[in-house]
Amino acid sequence: MTAPDPASWADALTMYERRYSIVTVGPRRHQDWVLDAAAILRKETSDPRSWKSQEFYQEDDEEWRPDRLVPFLPTDSGWRARLTEIPRSSAERLLVAISTNWLDVTKEPDFEARRPALEEKARVLLARFPAPTAQFFTNGSYGPGDPPDFYHPITGCDPFSEHDWDVGLLAVSKTELGIFWSFDAT
């Protein structure tokens with residue numbers, strides 16, 4: 001797939017409109033990309049391409065004051081150890097799964113009808129992080145399979161936020177870092 005443009009990127013983000021989600025991208029400036037993730041979460045950096053992001057909160061939201069990483073907990077040296085590296089094929093399915101109402105495609109009554117469009121949008125989002133240099137990491141636990149198949153129910157997670165349940169993907173390329181995260185806000 002060719003690299004997305006601003007319009008195709010914005011259209012692909014619509015898959016998260018029904019979810020309590022964050023999708024944002026920032027520059028990769030450090031060998032230790034956890035530092036870049038922290039800068040993105042603290043809103044110290046912005047998308048180097050000035051493309052649209054998806055954020056569930058409003059600017060005046062008390063939970064997302066500039067001095068807090070809420071809903072995310074502060075990053076630290078152990079942050080990366082809590083993530084599992086996954087292949088691009090699993091990352092695509094994870095992006096689809098975290099766009100569903102229950103973070104579980106098996107509970108989506110219209111999933112098979114929506115699946116082709118959701119998969120295309122996931123491929124557009126991942127195209128910004130080119131193979132073979134991009135790496136993908138998640139905090140989610142998944143059903144059986146190697147590589148991980150996130151179309152099986154996501155069975156657990158190691159939350160990175162103040163919520164009891166959050167599942168996401170970090171996409172790390174040589175020049176950018178993307179955060180794709182969905183929360184159970186109940």
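The exercises below work through the sheet, helices and selected side chains of a predicted model.

## Exercise 1. The sheet

Task: Determine the strand order of the sheet, and find which strands are the edge strands.

Solution:
- Step 1. Six strands, read across the open sheet, run S2-S1-S8-S7-S4-S3.
- Step 2. The pairing is antiparallel.
- Step 3. Strands S2 (54-55) and S3 (84-86) are the edges, since each pairs on one side only.
- Step 4. Helix H3 (residues 88-97) packs on this sheet and touches S3, S4 (135-138), S7 (166-172) and S8 (176-183). The direction of H3 makes about 135 degrees with that of S7.

## Exercise 2. Bridges, strand by strand

Task: State how many bridges S1 and S2, S3 and S4, S4 and S7, and S7 and S8 pair over.

Solution:
- Step 1. Start with S1 (residues 21-27): S1 and S2 pair over 2 bridges. Here Val23 has Gln54 of S2 as its bridge partner.
- Step 2. Go to the other edge. S3 and S4 share 3 bridges. Thr84 is matched with Thr138 in S4.
- Step 3. S4 and S7 pair over 4 bridges. Phe137 stands opposite Leu170 in S7.
- Step 4. S7 and S8 pair over 7 bridges. Val167 has Ser182 in S8 as its bridge partner. A hairpin of 3 residues joins S7 to S8.

## Exercise 3. Burial of S7

Task: Decide whether the faces of S7 are covered or open.

Solution:
- Step 1. In a regular strand, side chains alternate between the two faces of the sheet.
- Step 2. Sort the residues by side. Asp166, Gly168, Leu170 and Val172 lie on one side. Val167, Leu169 and Ala171 lie on the other.
- Step 3. Every residue in both sets is buried, and both faces are covered. The count is 7 of 7 residues.

## Exercise 4. Gln135 in strand S4

Task: Classify Gln135 as buried, partly exposed or exposed, then list its contacts.

Solution:
- Step 1. Gln135 lies in strand S4.
- Step 2. The relative accessible area of Gln135 is 30%. Buried requires under 20% and exposed over 50%. Gln135 is therefore partly exposed.
- Step 3. Leave aside neighbours within four places in sequence. Gln135 then contacts Glu85, Leu170, Ala171 and Val172. One of these, Val172, is the bridge partner of Gln135 in S7.
- Step 4. Look at Glu85. Glu85 and Gln135 are 50 residues apart along the chain, yet their C-alpha atoms are separated by 7.1 Å. Their side chains are joined by a polar contact of 3.3 Å.

## Exercise 5. Arg19 in a loop

Task: Find which backbone oxygens lie by the polar side-chain atoms of Arg19, and settle whether Arg19 is buried or exposed.

Solution:
- Step 1. Arg19 sits in the loop between H1 and S1.
- Step 2. Arg19 has 12% relative accessibility, so it counts as buried. The cut-off is under 20%.
- Step 3. The backbone oxygen of Phe183 is 2.6 Å from a polar side-chain atom of Arg19. For the backbone oxygen of Asn101, the distance is 3.1 Å.
- Step 4. Beyond four places in sequence, the contacts of Arg19 include Ile98, Ser99, Thr100, Leu103, Ser182 and Asp184.

## Exercise 6. Two covered helices

Task: Give how many residues of H2 and of H3 are buried, and what covers them.

Solution:
- Step 1. In H2 (residues 33-41), 8 of the 9 residues are buried, so the rest of the structure largely encloses this helix.
- Step 2. Those buried in H2 are Trp33, Val34, Asp36, Ala37, Ala38, Ala39, Ile40 and Leu41. Their cover includes S1, S4, S7 and S8.
- Step 3. Just after H2, Lys43 has a positive phi of about 60 degrees.
- Step 4. In H3, 7 of 10 residues are buried. They are Ser90, Ala91, Glu92, Leu94, Leu95, Val96 and Ala97.
- Step 5. The cover of these H3 residues includes S3, helix H4 (111-127), S4, S7 and S8.

## Exercise 7. H1 against H4

Task: Describe how H1 and H4 pack.

Solution:
- Step 1. The angle between H1 (residues 6-13) and H4 is about 130 degrees, and their axes are 9 Å apart.
- Step 2. That angle makes H1 oblique to H4.
- Step 3. The crossing is left-handed.
- Step 4. From H1, Ser8, Trp9, Asp11, Ala12 and Leu13 meet Lys121, Val124 and Leu125 of H4.

Key. Residues numbered from 1 in each chain as written. Predicted model: local features only at pLDDT ≥ 70, side-chain atom pairs only at ≥ 80, totals over all residues. Heavy atoms only, no water. Pairing = 2+ DSSP bridges. Contact = heavy atoms within 4.5 Å. Axes fitted to C-alpha atoms, helices over the stretch in contact; angles between N-to-C directions. Buried < 20%, exposed > 50% of the residue type's maximum accessible area, 1.4 Å probe, protein only. Polar contact = N/O pair within 3.5 Å; in protein donor to acceptor, adjacent residues only side chain to side chain. Parallel < 35°, antiparallel > 145°, perpendicular 65-115°, else oblique. Left-handed = near helix turned anticlockwise from the far one by under 90°.
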